[in-house]
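Me: Could you take a close look at one part of this model for me? I'd like to hear about the second largest pocket and what surrounds it.

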Amino acid sequence: MAGNPRNGRPYRRLCTQQRALGLPCWICGHDIDPGLDPRDPWSWTLDHAVPLSRGGSLLDPANARSAHRRCNSARGNRTDHRGQHVRSSRRW
């Protein structure tokens, strides 16, 4: 049985390289505090510009982005991250 590729050395190396850049969240644009607990909603997480479910590469550095855990989860597998906080009216 194959293991989870996110537990492998190449993925961890990509995460380390991306985190070392110290870039802000690519979704909201705010800085990411490197000292936060990994379970904190505002902690750093690796996001993929092209979601894996849409054919994005897990290990491609060009597809890797720094994001808050909260922003990454809210974006889901959508390719367009702009306008995600805008809710449409239920009144038509």
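Reply:

**The second largest pocket**

Going along the chain, the second largest pocket is lined by Arg-6, Leu-46, Asp-47, His-48, Pro-51, Leu-52, Ser-53, Asn-72, Arg-75, Gly-76 and Asn-77. Keep in mind that this is a predicted model. The space inside the second largest pocket comes to about 150 Å³. Sorted by class, its lining has five polar residues, three charged ones and three nonpolar ones.

Which elements do these residues come from? Strand β1 and helix α2 (69-75) each provide at least two residues of the lining. The biggest share comes from β1, which gives three.

One of the lining residues is worth a longer stop: Asp-47. Asp-47 sits in strand β1, which covers residues 44-48. Is Asp-47 buried or exposed? Its relative accessibility is 5%, and since the cut-off for buried is under 20%, Asp-47 counts as buried. Its side chain makes a polar contact of 3.0 Å with the side chain of Arg-75, and Arg-75 is itself on the list of residues lining this pocket.

There's a fair bit of other company too. If you skip the neighbours within four places in sequence, Asp-47 is in contact with Trp-26, Ile-27, Asn-63, Ala-64, Arg-65, Ala-67, Asn-72 and Arg-75. Among them, Asn-72 and Arg-75 also line the second largest pocket.

Now over to helix α2, where you'll also find Cys-71. Cys-71 is buried because its relative accessible area is 6%, against a cut-off of under 20%. If you're curious about cysteine pairs, Cys-71 and Cys-25 are 46 residues apart in sequence, with 8.1 Å between their C-alpha atoms.

Finally, a look at the largest pocket, for context. Its space is about 200 Å³. Its lining is made up of Tyr-11, Cys-15, Arg-19, Asp-33, Pro-34, Leu-36, Pro-38, Ser-43, Trp-44, Thr-45, Leu-46 and Arg-69. Here the elements giving two or more residues are α1 (9-20) and β1. Seven of the lining residues are nonpolar, three are charged and two are polar. Leu-46 appears in this lining and also in that of the second largest pocket. So what do you get back to if you follow strand β1? It supplies residues to the lining of the largest pocket and to that of the second largest, and it is also where Asp-47 is found.

Methods. Residues are numbered from 1 along each chain as its sequence is written. This is a predicted model: local features need pLDDT of at least 70, side-chain atom pairs count only at pLDDT 80 or more; totals for chains, interfaces and linings use all residues. Side-chain values use heavy atoms; hydrogens and water are left out. Helices (H or I, at least four residues) and strands (E, at least two) are DSSP runs, numbered from the N terminus. Buried means under 20% relative accessible area, exposed over 50%, partly exposed in between (1.4 Å probe, protein chains only). A polar contact is a pair of N or O atoms within 3.5 Å; within protein, one must be able to donate a hydrogen and the other to accept it, and residues adjacent in sequence count only if both atoms are side-chain atoms. Contact means heavy atoms within 4.5 Å. On a 1 Å grid over the protein atoms alone, a cavity is a set of points where a 1.4 Å probe fits but cannot get out, and a pocket is an open set with protein on both sides within 12 Å along at least five of seven lines; lining residues have an atom within 4 Å of a point. Grid points are joined across faces, edges and corners, and a volume is the space filled by probe spheres set on the points. Ala, Val, Leu, Ile, Met, Phe, Trp, Tyr, Cys and Pro count as nonpolar, Asp, Glu, Lys and Arg as charged, and the others, Gly among them, as polar.
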